[in-house]
Every structure is written in C-alpha cells, then in structure tokens.
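Please open the model in your viewer and keep the selection panel at hand. The stops below are meant to be taken in order, each with something to select and something to look for.

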Amino acid sequence: MNSEFTIAVHSLVLLAYRPDHMATSDMIAHNVCTHPARVRKVMSCLRKMGYVATKEGGGGGYLLSCDPEVVTLAEIYRTTSIGSIKPAWCSGDVEQDCMVACNMAEVMEEIFTEAEQQLLNYLQHLTVSHVLERLRVTQQSKG
C-alpha cells in the first residue's frame, strides 16, 4: 500500500472534521506531517474524482465536496492505490527449468490480487465518517 492512500484519507477526514473551513495544502500538510507538494498531488487526484473542490488565489484552498457518510475507503483506495499491494519485484524466472522458479511470479500475482480484493472488501464497509468517529472515540478514551 502506498502513502497516497493515507494522505488522502487523512485529508478527507480533516476536511470532514471542519466542513465549513477551507484548508490550504500547507495546513493539510502540517496536519498530515508531510510536504505540501505531496498533499497537492493527492488533492489534485481527489479533486478530479469530485471528492474535494478548490478555490484559487488568496484565501483559497480545499473544501470537502462529497458526503463523508457515503464515500468509502475502498473508493479512496481505488483512486490512489489500486495495485500497490503487489511489490515491484517478484522472485522467479520463467526461463528456468524448475517448477518453483518458473511459476512463482504468476502464483504470487494471484495471491496479491486476492489479498487486494479482501482489503477492498473490508474498506468497502468503512466511510470517511467512520474514520472521523474512530478518531473521536480515541480522543475521548485519552481524556
């Protein structure tokens, strides 16, 4: 899984937490603890998919433009991270005369695909609002 998913979820939850406030990439980056350029890249993707709206210029920033009760983490994962569960390199070599070496990459591809589907099935049951509620419960248990 890549960090774009985490940045996207964090950003959407932050905007859902403050629905009547616009947030700049610097503000979001400070909250996420990453560089504003990374936030802008992720927010651009979220804007293209209709999850956030932007206002240019002074006083501009990002606003939530989706219903946090409806948007699932599976949607966000598909938008930012699909296929990222599989590593870039896989062992094996189809040219070798060994059952293990010549089939390992194909079998691991199947395993990663199945694992990603299980992850999507789980994330389908969680919304941006669910994450915000978990944050509230965690905060209450600390205080």
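Begin by selecting H2 together with H3, two helices that in this predicted model pack at an angle of about 110°, with their axes 8 Å apart. That angle makes H2 roughly perpendicular to H3, because values from 65 to 115 degrees count as such. Now show side chains at this junction, where Ser25, Asp26, Ile28 and Ala29 of H2 meet Pro36, Val39, Arg40 and Met43 of H3. Colouring these residues by class will give 5 nonpolar, 1 polar and 2 charged residues for the contact of H2 with H3.

Keep Ile28 selected and display its surroundings. Which residues does Ile28 touch, not counting those up to four places away in sequence? They are Ser11, Leu14, Ala23, Val39, Met43 and Tyr62.

Next, add H1 (residues 3-17) to the view and compare its direction with that of H2 (residues 25-32): the two helices pack at an angle of about 115°, and their axes lie 10 Å apart. H1 is therefore roughly perpendicular to H2, and the crossing of the pair is right-handed. On the H1 side, select Ile7, His10, Ser11 and Leu14, and on the H2 side Ile28, Asn31 and Val32, since these residues make the contact. Sorted by class, the contact of H1 with H2 has 4 nonpolar and 3 polar residues, with no charged residue among them.

From here, widen the selection to the largest nonpolar core, which has 32 residues, and pick out Leu12, Ile28, Met43, Leu46 and Ile76, the members that touch the most others. The elements that contribute two or more residues to this core are H1, H2, H3, strand E2 (61-64), H4, H5 and H6. H1 gives the most, with 9 residues.

For the last stop, select helix H4 (residues 73-80). How many of the 8 residues of H4 are buried? The count is 6, so that the helix is mostly covered, with buried taken as under 20% relative accessible area. To see them, display Leu73, Ala74, Ile76, Tyr77, Thr79 and Thr80; Ile76 is also one of the residues picked out in the core at the previous stop. Then bring H1, helix H3 (36-48), helix H5 (99-123) and helix H6 (128-142) into view, as the buried residues of H4 pack against these helices.

Terms used
Residues numbered from 1 in each chain as written. Predicted model: local features only at pLDDT ≥ 70, side-chain atom pairs only at ≥ 80, totals over all residues. Heavy atoms only, no water. Axes fitted to C-alpha atoms, helices over the stretch in contact; angles between N-to-C directions. Helix = DSSP H or I, 4+ residues; strand = E, 2+ residues; numbered from the N terminus. Parallel < 35°, antiparallel > 145°, perpendicular 65-115°, else oblique. Left-handed = near helix turned anticlockwise from the far one by under 90°. Contact = heavy atoms within 4.5 Å. Nonpolar A, V, L, I, M, F, W, Y, C, P; charged D, E, K, R; others polar. Buried < 20%, exposed > 50% of the residue type's maximum accessible area, 1.4 Å probe, protein only. Core = buried A, V, L, I, M, F, W, Y, C linked by side-chain atoms within 4.5 Å.
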